Amino acid sequence: MITVVTVFRGQQGQFTLDSDDIVIGRTSGDATPDLTLDDDPKIAARHAHVWIADGHIWIEDLMSSEGVFVNGLKIEQPQSIGPEDQVLVGTTSLLIGWTDGAQTDQEGLTEFFEKKQSDTGDTEFMIKGEVNADAAYVPEINETSQQQLAMLYDLPLQFAAERDLTKLFKLVLDSVIKIIPGAKRGALLAVDRVKGKLALRASVPEDEPPISRTLIKRAAAQGTGFIWSQDAEMDFSQSMKALSIATGMYCPLMWQDEVLGVICVDTPDSDKSFTESDLRFLIAVAHYAAAALSNSELQADIEFKNKVQERLLTNFSPKLRSKLVDQARIGALVPGGERSQVTLLMSDIRGFTKKTANMDVQAVVDMLNEYFTELVQAIFENDGTIDKFIGDAILAVFGSPDKDVDQQLKAVKAAVAMQEANVRVNERRTARGAVVCDLGIGLHYGEVLHGFIGAEDRLEFTVIGDTVNRTARYCDGAKKGMVVISPELHEYVKSKFDFKELTFPTKHEGDFKGYEVIWDDGGIAID
């Protein structure tokens with residue numbers, strides 16, 4: 001049997017369904033879900049599916065427009081939940097459990113929900129069991145508990161709307177102190193991942209945070225919430241005496257058995273005391289805060305990894321970069337290489353050493369960045385890949401890691417676009433009296449070994465083979481402003497450009513025959 005406690009606009013209800021597989025939704029036409037929540041206009045006709053499998057409760061979103069949230073996080077696929085997890089469908093909060101005879105799936109709880117009659121005849125719902133950081137919270141129904149329920153109902157929405165956790169934790173702490181009778185002061189601390197210590201994230205009052213290191217360390221070490229009072233314990237630390245703490249509640253922010261922080265409230269008034277219901281409410285708030293902290297750290301980690309990944313993939317065009325990320329996500333981007341025919345392009349700044357001999361180091365770096373920004377863009381626009389930067393030289397590949405039947409034409413177009421870009425940069429730099437540079441570019445088509453080498457967590461794209469060396473020779477043979485291609489590449493593009501045949505010497509391999517691309521008078525004549 002599945003048991004569901006609902007909270008909608010401060011009103012609480014309980015439903016026990018004699019089934020291990022139910023649909024939650026609203027009555028619509030002939031369709032009637034197993035659990036109907038017709039009062040909530042945000043609930044879809046078939047909003048959520050809940051079932052029992054492998055000794056666990058599972059929930060999934062049935063493609064509703066509002067979605068299903070667990071502990072403030074929207075779920076994208078079926079998820080296992082427990083009675084301690086707060087589920088939000090539409091604007092209705094749910095606690096979900098299941099029973100098999102008198103037992104539940106929550107270890108340590110002798111019953112899931114106990115329904116009893118209060119002295120006033122009102123129906124109340126309580127959860128039995130040890131008060132710890134994982135205990136679910138369903139308070140007695142009175143004015144204070146209705147305020148507490150309303151706050152718990154709002155927390156997932158607040159966490160989803162506010163990215164600045166410091167602001168949000170301040171808001172939460174202020175609300176907790178207002179709602180818990182007798183609470184005068186409070187603090188919320190979170191673990192600083194860099195220093196490995198608890199850091200203050202919010203306090204009331206702000207200028208004198210009521211922090212007892214002894215009690216905070218106890219909550220973190222024990223992993224359980226507790227009520228402390230002077231009457232119950234005679235062992236006082238200096239901070240307790242200085243803060244005049246008469247009684248207080250301390251609760252760890254636990255997420256997946258890890259302490260992420262501590263929340264506490266106290267009062268210096270010896271006439272005031274906190275109840276077990278107050279502690280359960282604070283535990284529930286701590287659970288939400290822990291979920292928000294974990295989600296925030298996860299998002300920050302994802303953003304950081306994405307930025308690192310983007311930097312690692314800067315050698316690839318945006319289109320290819322997106323494809324490689326998708327391959328990495330499904331584990332298809334693994335070390336390995338293949339032999340195939342590719343087109344290589346190498347560019348080099350002529351007279352670079354002499355031009356930069358008297359320049360400041362930063363000025364040299366700025367100059368290279370200005371030229372490379374335009375040159376790389378020309379390569380990417382023609383679906384090329386940067387193999388590496390070698391000082392003032394660039395080695396680019398066309399036809400790898402993705403095959404491209406138009407690689408030869410795209411490579412020559414990229415080379416012409418690079419020379420045109422170089423002219424534009426020179427015009428800008430000349431106008432402001434800066435040093436200008438000229439390019440020589442060589443291209444060759446041939447077989448290489450290419451692919452990703454290294455370990456799965458550290459892959460580097462590279463090309464290997466004599467084709468790389470021969471491309472360097474054609475680059476050496478290109479004087480400033482020239483694009484020189486090999487005879488092998490010429491066979492593929494000879495009808496697309498105007499050329500001038502040439503021969504140039506090499507140091508160890510004799511004379512090389514090549515073709516200069518005539519680009520400055522409209523060389524790209526045919527597409």
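This note goes through a predicted model point by point, from the chain as a whole to individual residues.

1. Overall make-up. The model is a prediction, and its chain contains 11 helices and 27 strands. Of the 527 residues, 48% count as buried, while the chain exposes about 26400 Å², of which carbon and sulfur atoms supply 48%. Among contacts between residues at least 6 apart in sequence, 58% join residues at least 24 apart, and several of the pairs discussed below can be read with that figure in mind.

2. Salt bridges between α8 and α9. A search of the whole structure finds 17 salt bridges. In one of them the side chains of Arg429 and Glu370 meet, with an N to O distance of 2.8 Å; this pair links distant parts of the chain, since Arg429 belongs to helix α9 (residues 407-431) and Glu370 to helix α8 (residues 361-381), 59 residues apart. Both Arg429 and Glu370 are buried. Arg424 forms a salt bridge with Glu374, in which the closest N and O atoms are 3.5 Å apart, and here again distant parts of the chain are linked, with Arg424 in helix α9 and Glu374 in helix α8, 50 residues apart. Arg424 counts as partly exposed because its relative accessibility is 42%, which falls between the limits of 20% and 50%.

3. The network and a further pair. Salt bridges that share partners join Glu370, Glu374, Arg424, Arg428, Arg429 and Arg432 into one network, so that the two pairs of the preceding point are both part of it. As general background, side chains of opposite charge can pair when their charged atoms come close. Lys410 and Asp404 also meet through their side chains in a salt bridge, at 2.9 Å from N to O, and both of these residues are buried.

4. Strand β22 and the loop that follows. Val397 is placed in strand β22 (residues 393-398) and counts as buried because its relative accessibility is 0%, under the 20% limit. Its C-alpha atom is separated by 6.4 Å from that of Leu345, although the two residues are 52 apart along the chain. Val405, by contrast, is placed in the loop between β22 and α9, and Val405 is exposed because its relative accessible area is 77%, over the 50% limit. From C-alpha to C-alpha, Val405 and Val342 are 10.0 Å apart in space, with their positions 63 residues apart in sequence.

5. The negative patch. Asp18, Asp20, Asp21 and Asp34 form a negative surface patch. Asp18 lies in the loop between β2 (11-17) and β3 (21-25), and with 73% relative accessibility it counts as exposed. Asp20 is found in the loop between β2 and β3, but with a relative accessible area of 41% it is partly exposed. Patch membership requires over 30% relative accessible area, a condition that the value of 41% for Asp20 satisfies.

6. Surroundings of Asp20. The C-alpha atoms of Asp20 and Ile2 are separated by 6.1 Å, with the two residues 18 apart along the chain. Leaving aside residues up to four places away in sequence, Asp20 touches Met1, Ile2, Val50, Trp51 and Ile52, so that this negative residue has contacts with Ile2 and Trp51, among others.

7. Backbone points to check. Two residues other than glycine carry a positive phi: Met63, with a value near 60°, and Asp257, with a value of about 65°. Met63 lies in the loop between β6 (56-61) and β7 (68-70) and counts as exposed at 80% relative accessibility. Asp257 is found in the loop between β18 (247-255) and β19 (258-267) and is likewise exposed, with a relative accessible area of 73%.

8. A cis peptide bond. Val204 and Pro205 are joined by a cis peptide bond, for which omega is about 0°. Pro205 lies in the loop between β16 (197-204) and α3 (213-222), while the range given for β16 ends at residue 204.

Note on methods. Residues numbered from 1 in each chain as written. Predicted model: local features only at pLDDT ≥ 70, side-chain atom pairs only at ≥ 80, totals over all residues. Heavy atoms only, no water. Patch = residues over 30% accessible without salt bridge, like charges linked within 9 Å, V, L, I, M, F, W, Y side chains within 5 Å. Areas by Shrake-Rupley, 256 points an atom, 1.4 Å probe, with all protein chains shown as cover. Salt bridge = Lys/Arg side-chain N within 4 Å of Asp/Glu carboxyl O. Charge placed at Lys NZ, Arg CZ, Asp CG, Glu CD. Helix = DSSP H or I, 4+ residues; strand = E, 2+ residues; numbered from the N terminus. Buried < 20%, exposed > 50% of the residue type's maximum accessible area, 1.4 Å probe, protein only. Contact = heavy atoms within 4.5 Å.
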